[in-house]
Amino acid sequence: MSMDDENFLLKASQSMQHALQRAAFGLDEGEHHGPIESAPKAQRAAVLQAPPVIAVQDLDKSFWIPRRAARSIGFQLRHPSRAARYRELRSLRGISFEVHQGEFFGIVGRNGSGKSTLLKILASIYRADAGRVRVAGRLAPFIELGVGLNPELTARENVVLGGVMMGLTRREAARRLDAVLEFAELRDFVDLKLKNYSSGMMVRLAFALMVQMDADTMLIDEVLAVGDASFAEKCLEVFRQRRRAGKTVVLVTHDMMTVQSFCHRAMLLHDGEQRFLGEPEEAVLRYYRLNFGAETAVGGDERPAIKLLDTWLETLDGERIENPPHGRPFRFHLGAQARELLPEPIFSFQLVNVDEVAVCGFSAALHDDDGEPRSLRAGETARLAIEIPVALVPGRYSVLCTIAGRPGGGDTVLHDVRVAEFLVMGSEPRPGMVSVHSEVHAEVLA
Amino acid sequence: MNGVELQDVHGPSALSGGWRRMWELCLLISVTDFKRNYFGTALGYLWSLMRPLLLFVVLLEVFTHVLRIGSGTIRHYPVLLLFNIVFFGFFQEATVTAVGSVVGYEGIVRKTQFPRLAIPVSVVLTALYNLLLNLVVVIVFLFVYGVTPTWTWILLPVLLLLMAVFALGASMFLSSLYPRFRDIGIIWTVFVTALFYATPVLFTLDLARSHSRALARLIALNPLTPVFELARRWIIDPTAPLPGSAATGGLGPFLVSVALFVAICALGVWTFRREAPRIAEQL
């Protein structure tokens with residue numbers, strides 16, 4: 001790894017920590033994100049003193065993926081050996097960790113890294129091939145919101161059924177009915193069948209059910225991915241409460257902000273291997289490093305034809321900043337080095353908000369002195385500086401980068417790689433995606 | 001919560017979470033399924049009574065007037081026919097529904113942790129509720145046709161238990177293999193129809209013997225045959241031969257059918273236990 005890489009990573013780490021500290025110390029006064037709690041080291045140390053409630057040792061898990069979709073008896077007879085019919089997919093290898101009581105434990109990793117499989121093994125949905133898994137107390141898995149909700153049944157029946165599914169007795173589940181309906185604000189619809197619910201009501205019911213289960217340990221897989229902003233806020237509020245109440249939570253997520261602001265520790269999985277376990281900041285950093293690294297190639301190549309060196313933000317005066325202030329335009333910088341010849345490279349970027357909605361897009365080609373498109377030869381480095389003149393409303397944003405070898409989307413070498421993430425600080429929430437400064441004339445006519 | 005012991009997690013199984021939880025789940029699922037079957041139909045639960053009745057009328061017409069099988073030779077033939085159809089209907093409903101049941105519950109199997117056995121058990125329970133309702137009709141007809149009540153009527157729960165156990169054994173076998181061998185679904189619908197004719201439903205074993213000894217011998221091997229023969233003797237006609245007696249082909253075939261009964265149930269338990277831990281991965 002070159003010095004450039006290290007510098008970039010250091011920077012990314014600082015950027016994240018700053019964002020966090022700002023949020024934690026109230027520098028970010030915006031109610032837009034809500035106050036974010038940080039996980040100071042002292043607190044982490046205290047949590048690690050607590051007894052473990054989940055202990056995993058040398059966990060292995062493989063899946064046998066059928067080579068053919070059809071599973072007829074004829075096919076099975078013609079191919080009696082398992083190896084001929086299936087290929088082995090090693091999903092988890094040698095995973096060992098402990099989660100302590102009261103800990104908020106994050107599991108991060110890219111798609112297919114084995115996060116969800118690990119959660120399902122903890123939840124007793126899959127069986128491990130080797131290794132030992134031990135848990136203490138009642139564990140409530142939330143692999144997907146609203147699983148087991150039956151559209152043909154009423155909310156009342158669903159709450160009881162859902163509760164029993166999750167390990168309560170029928171009486172306990174019935175006792176929780178009121179609390180669930182209260183939380184979901186669905187008291188008036190208790191005897192309405194779920195198929196007549198709106199999707200929003202359904203999500204509220206499912207979430208209320210999950211929250212009111214009050215298990216000793218919650219296993220959560222990407223719940224924040226569904227629902228709108230107010231739902232996400234409600235999720236975060238529940239996380240805060242559970243943290244304060246000293247409940248144990250194991251959280252699988254792609255949302256690095258959540259990891260940093262809630263988790264005491266985080267584990268990074270990659271290709272089924274445990275790459276890191278420890279401070280969430282470090283885990284997030286390594287997660288970004290993976291996204292930047294060799295594995296982001298399009299088409300399954302080991303190394304993409306271009307290597308991202310660094311990215312940063314700066315004001316129009318050239319001062320480097322971690323997070324642009326609200327209402328001020330800023331510049332986005334990116335450096336990339338070609339590994340192979342790119343005949344006529346096109347760099348495209350998308351600025352997306354927290355809901356992954358594109359706010360704007362911009363693209364750039366390389367030109368020689370005569371204004372003709374030029375190529376990028378192996379070893380050459382391109383530096384791009386892009387001014388973003390729009391005033392973004394306060395919130396969290398990411399920049400996705402796509403690089404193609406030639407115009408028209410041919411020879412894509414990188415596709416939608418998340419190259420930067422930042423917060424726009426601001427004091428008041430605003431509607432829409434961009435702030436437009438407009439003069440308003442108003443007068444009162446007599 | 002301090003001092004909570006760490007306990008080993010072995011992953012999903014047929015019975016994870018203990019009997020109590022398993023039982024509550026089965027009751028809950030089967031009752032809601034049962035309600036759902038009749039919800040939205042104009043006649044509701046009445047259908048559960050009407051369905052066997054209508055089928056009975058058709059078969060009675062065919063077998064007493066067109067084919068003339070048992071009307072003269074078998075005592076209380078119409079009510080025996082009704083009883084048998086209701087009984088076999090239970091087995092058919094339970095097993096045919098059970099085949100695809102684990103796959104049908106895919107959503108919860110893959111995403112929640114619960115005893116996998118709850119699925120086939122609740123399917124059998126739902127069918128059992130239907131059977132109980134149907135038996136109400138049967139009992140009415142027992143009186144209508146002037147069958148004299150005997151003390152053996154109190155043995156009806158034994159017959160129900162035998163049927164339920166066998167249906168559950170078959171259901172466990174079918175539902176656990178179906179995710180891997182989808183052909184089973186089609187094979188079973190054909191097989192169960194064949195089984196209908198290989199079971200003394202429309203006829204009795206001694207009647208079959210008077211027509212073809214070889215055929216009767218085959219029918220006597222059917223694990224369901226002794227149950228139906230017992231039912232006939234206990235409920236409808238106390239003079240009917242006991243299973244295993246000379247009139248029904250002797251002790252040999254009877255013992256084989258009992259052995260098959262036990263073997264199929266054991267096979268069901270064995271395959272289900274074997275498949276349950278990994279069933280979520282195969283869906």
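In this predicted model, four strands of chain A form an open sheet in the order S11-S10-S12-S15, and the pairing is antiparallel. The edges of the sheet are strand S11 (320-321) and strand S15 (381-388) of chain A, each of which pairs on one side only. Strand S10, which covers residues 306-315 of chain A, is joined to S11(A) by two bridges, and the two run antiparallel; Glu314(A) stands opposite Arg320(A) in S11(A).

Parallel pairing is also found in chain A, where strand S5 (residues 139-142) and strand S6 (residues 217-221) are linked by four bridges in the parallel sense, with Ala140(A) opposite Met218(A) in S6(A). In a regular strand the side chains alternate between the two faces of the sheet. In S5(A) both faces are covered, since Leu139(A) and Pro141(A) on one side are buried, as are Ala140(A) and Phe142(A) on the other.

The two chains meet through 35 residues of chain A, which are in contact with 33 residues of chain B. On the side of chain A that touches chain B, strand S1 (52-66), strand S4 (130-135) and helix H6 (155-165) of chain A each supply at least two residues. The residues on that side of chain A divide into 19 nonpolar, seven polar and nine charged. Strand pairing also crosses between the chains: S4(A) and strand S1 (residues 7-8) of chain B pair over two bridges in the antiparallel sense, and Gln7(B) in S1(B) is the bridge partner of Val135(A).

From the strands we turn to a helix of chain B. Helix H3 of chain B (residues 77-99) has 23 residues, which at 1.5 Å a residue should span 33 Å, and because its end C-alpha atoms are 33 Å apart, the model agrees with that expectation. H3(B) is mostly covered, with 17 of its 23 residues buried.

In soluble globular proteins, nonpolar side chains tend to be buried together. Here the largest nonpolar core has 149 residues, and those with the most contacts inside it are Leu122(A), Phe83(B), Phe90(B), Val124(B) and Ala167(B). H3(B) gives the most to this core, contributing 15 residues. If its neighbours within four places in sequence are left aside, Ala167(B) is in contact with Phe90(B), Phe91(B), Ala94(B), Thr95(B), Val124(B) and Ala127(B). Apart from the largest core lies another, of 28 residues, with Ile306(A), Ile346(A), Leu351(A) and Leu423(A) among them.

Technical notes:
Residues are numbered from 1 along each chain as its sequence is written. Chains are lettered from A and ligands numbered from 1 in the order in which they are written. This is a predicted model: local features need pLDDT of at least 70, side-chain atom pairs count only at pLDDT 80 or more; totals for chains, interfaces and linings use all residues. Two strands pair if DSSP finds at least two bridges between them. The expected span of a helix is 1.5 Å times one less than its number of residues. A residue is buried if 20 or more other C-beta atoms lie within 10 Å of its own, exposed if 12 or fewer, and partly exposed in between; C-beta atoms are placed from the backbone. Two residues are in contact if their C-beta atoms, placed from the backbone, lie within 7 Å. Ala, Val, Leu, Ile, Met, Phe, Trp, Tyr, Cys and Pro count as nonpolar, Asp, Glu, Lys and Arg as charged, and the others, Gly among them, as polar. A nonpolar core is a set of buried Ala, Val, Leu, Ile, Met, Phe, Trp, Tyr and Cys residues joined through C-beta atoms within 7 Å.
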